[in-house]
Amino acid sequence: MALDNDPPPMVELIESRLERLDLTPEEAFRQAGLPPDLLLRLRDGTMPVPRGARLVRLAEVLGTSVSWLVGLDPDVAPPPEMLEEEQGSLGLLAGDEEALLRAYRSLDFQTKAALLAVVRKMTGPEPVPEVPARGKRRPGS
């Protein structure tokens, strides 16, 4: 499975919003709390697509929805993983987990879905959490 070296579709979408709003990239990214060279780093693959609160702030600054910004129908909720904070940036992942996550994030949505299906098949079904049995209610209580 070859990784796609094309810039993420988000680059063109950001550029079109910046032009429409007459905003400089540096000003928009500063407002969103992102590096001023975000577009360049997204284009050359040295930075992953923003996620979590940073992605939400970027969409707000650009006056659009997270769904639209990641290339989906704006009326459809964005994938939950796009809204999750980056665990690696919080120091919660081991080095190999971080590397795997970075590689996964560089894939397109269809490839991610296929990979996830393979991994789920390899690991088996997720355990179903047990729900504790409730005690019987006494009459009048």
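Author: A pocket, on a 1 Å grid over the protein atoms alone, is an open set of points where a 1.4 Å probe fits, with protein on both sides within 12 Å along at least five of seven lines; lining residues have an atom within 4 Å of a point. This is a predicted model, where local features need pLDDT of at least 70, side-chain atom pairs count only at pLDDT 80 or more, and totals for chains, interfaces and linings use all residues. Residues are numbered from 1 along each chain as its sequence is written, and side-chain values use heavy atoms, without hydrogens and water.

Reader: Which residues line the second largest pocket?

Author: Glu97, Leu100, Leu101, Tyr104, Leu115, Leu116 and Val119. Helix 7 (95-105) gives the largest share, four residues.

Reader: How do I read a helix with a buried face?

Author: An α-helix has 3.6 residues a turn, so residues three or four places apart point the same way. Now take helix 1 (residues 10-21; a DSSP run of H or I, at least four residues, numbered from the N terminus). Its buried residues (under 20% relative accessible area, 1.4 Å probe, protein chains only) are Met10, Val11, Leu13, Ile14, Arg17 and Leu18. Seen down the axis of helix 1, they fall within an arc of 165 degrees (directions from axis to C-beta atoms), so they line one face.

Reader: What do the buried residues of helix 1 pack against?

Author: Helix 2 (25-32), helix 3 (38-43), helix 4 (52-61) and helix 5 (66-69), with contact meaning heavy atoms within 4.5 Å.

Reader: Which residues are exposed on the other side of helix 1?

Author: Glu12, Glu19 and Arg20 (exposed: over 50%). Just after helix 1, aspartate 22 takes a positive phi of about 55 degrees.

How values were computed. Helices (H or I, at least four residues) and strands (E, at least two) are DSSP runs, numbered from the N terminus. The expected span of a helix is 1.5 Å times one less than its number of residues.
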